[in-house]
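Please look at the chain below before reading on. The text moves from the fold as a whole to a few single residues.

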Amino acid sequence: MSNDHYYLNNFMYGFGYDEVHDDYKVVVGVPDVDYDNSFRVKVKMYSLNSDFWRSIDDFRSVVLATMSGMFVNGKLHWANNTFRRSGLDIISVDLAEMKWGKVEQPYYGEAYFGWTLGVLGSDLSV
């Protein structure tokens, strides 16, 4: 199996509540091959209130290590494999602002180890 096949079969999704707009939203991301044959993730957000899909621009991810997003404090979070030696990044999508971001992590050394995102109470957990 080629790496291209792996990238194109990896997708993300998540569901959460936007308190600011009193709206339930779905986020879906699918890999897309860009004009220069580079891979990126095309992300869209669906609003239940407006019954409309909108694109989240400039989403900077290639391979997602987790498919299902963890909803915490108005944001959906995913583990993102950036092929760093020190492990995975955590990316998020703010449901109210329709913007993506990266979660700051403490330094845990040079060794790579696998982990999974979760929710503990009202906090994101690893």
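What follows describes the overall make-up of the chain, then an aromatic cluster, a buried acid and two loop residues.

The model is predicted, not determined by experiment. Its secondary structure comprises one helix and 11 strands. In sequence order the helix comes before the strands, as the pattern α-β-β-β-β-β-β-β-β-β-β-β shows. The chain has 126 residues, and 35% of them are buried. Its exposed surface comes to about 7,900 Å², of which carbon and sulfur atoms supply 52%. Of the contacts between residues at least 6 apart in sequence, 41% join residues at least 24 apart.

How many aromatic pairs does the chain hold? The count is three. One of them joins Phe 15 and Tyr 24: the ring centres are 5.8 Å apart and the planes meet at 5 degrees, which is under the limit of 30 degrees, so this pair is stacked. Another joins Tyr 17 and Tyr 24, with centres 4.9 Å apart and planes at 50 degrees; this angle falls between the limits of 30 and 60 degrees, so the pair is tilted. Phe 15, Tyr 17 and Tyr 24 together make up one aromatic cluster. Tyr 24 has a relative accessibility of 42% and is therefore partly exposed. Tyr 17, at 26%, also counts as partly exposed.

Asp 23 belongs to strand E2. Is this residue buried or exposed? Asp 23 is buried, and it has no salt bridge. The nearest side chain of opposite charge is that of Lys 25, 4.5 Å away. Because a salt bridge requires a side-chain nitrogen within 4 Å of a carboxyl oxygen, a separation of 4.5 Å does not qualify. What does Asp 23 touch, leaving aside residues up to four places away in sequence? Its contacts are Gly 16, Tyr 17, Asp 18, Ser 47, Leu 48 and Asn 49. Tyr 17, one of these contacts, is also a member of the aromatic cluster.

Ser 50 gives a further view of this region. Ser 50 sits in the loop between strand E3 (39–47) and strand E4 (52–56). Along the chain Ser 50 and Asp 23 are 27 residues apart, while their C-alpha atoms are separated by 8.9 Å. With a relative accessible area of 37%, Ser 50 is partly exposed, whereas Asp 23 is buried.

Two loop residues remain, and both concern backbone geometry. Asp 22 is not a glycine, yet its phi is positive, at about 50 degrees. Where does Asp 22 lie? Asp 22 is in the loop between strand E1 (12–18) and strand E2 (23–33). Its relative accessible area is 51%, and since the cut-off for exposed is over 50%, Asp 22 counts as exposed. Asp 23, which is in strand E2, is by contrast buried.

Asn 73 likewise has a positive phi, near 50 degrees, in a residue other than glycine. This residue is placed in the loop between strand E6 (70–72) and strand E7 (75–84). Asn 73 has a relative accessibility of 65% and so counts as exposed.

Conventions:
Residues are numbered from 1 along each chain as its sequence is written. This is a predicted model: local features need pLDDT of at least 70, side-chain atom pairs count only at pLDDT 80 or more; totals for chains, interfaces and linings use all residues. Side-chain values use heavy atoms; hydrogens and water are left out. Helices (H or I, at least four residues) and strands (E, at least two) are DSSP runs, numbered from the N terminus. Buried means under 20% relative accessible area, exposed over 50%, partly exposed in between (1.4 Å probe, protein chains only). Rings of Phe, Tyr and Trp (its six-membered ring) pair if their centres lie within 6.5 Å; planes under 30 degrees apart count as stacked, over 60 as edge-to-face and the rest as tilted. Lys and Arg count as positive and Asp and Glu as negative; His and the chain ends are not counted. Contact means heavy atoms within 4.5 Å. Accessible areas come from the Shrake-Rupley method with a 1.4 Å probe; for residues, only the protein chains shown count as cover.
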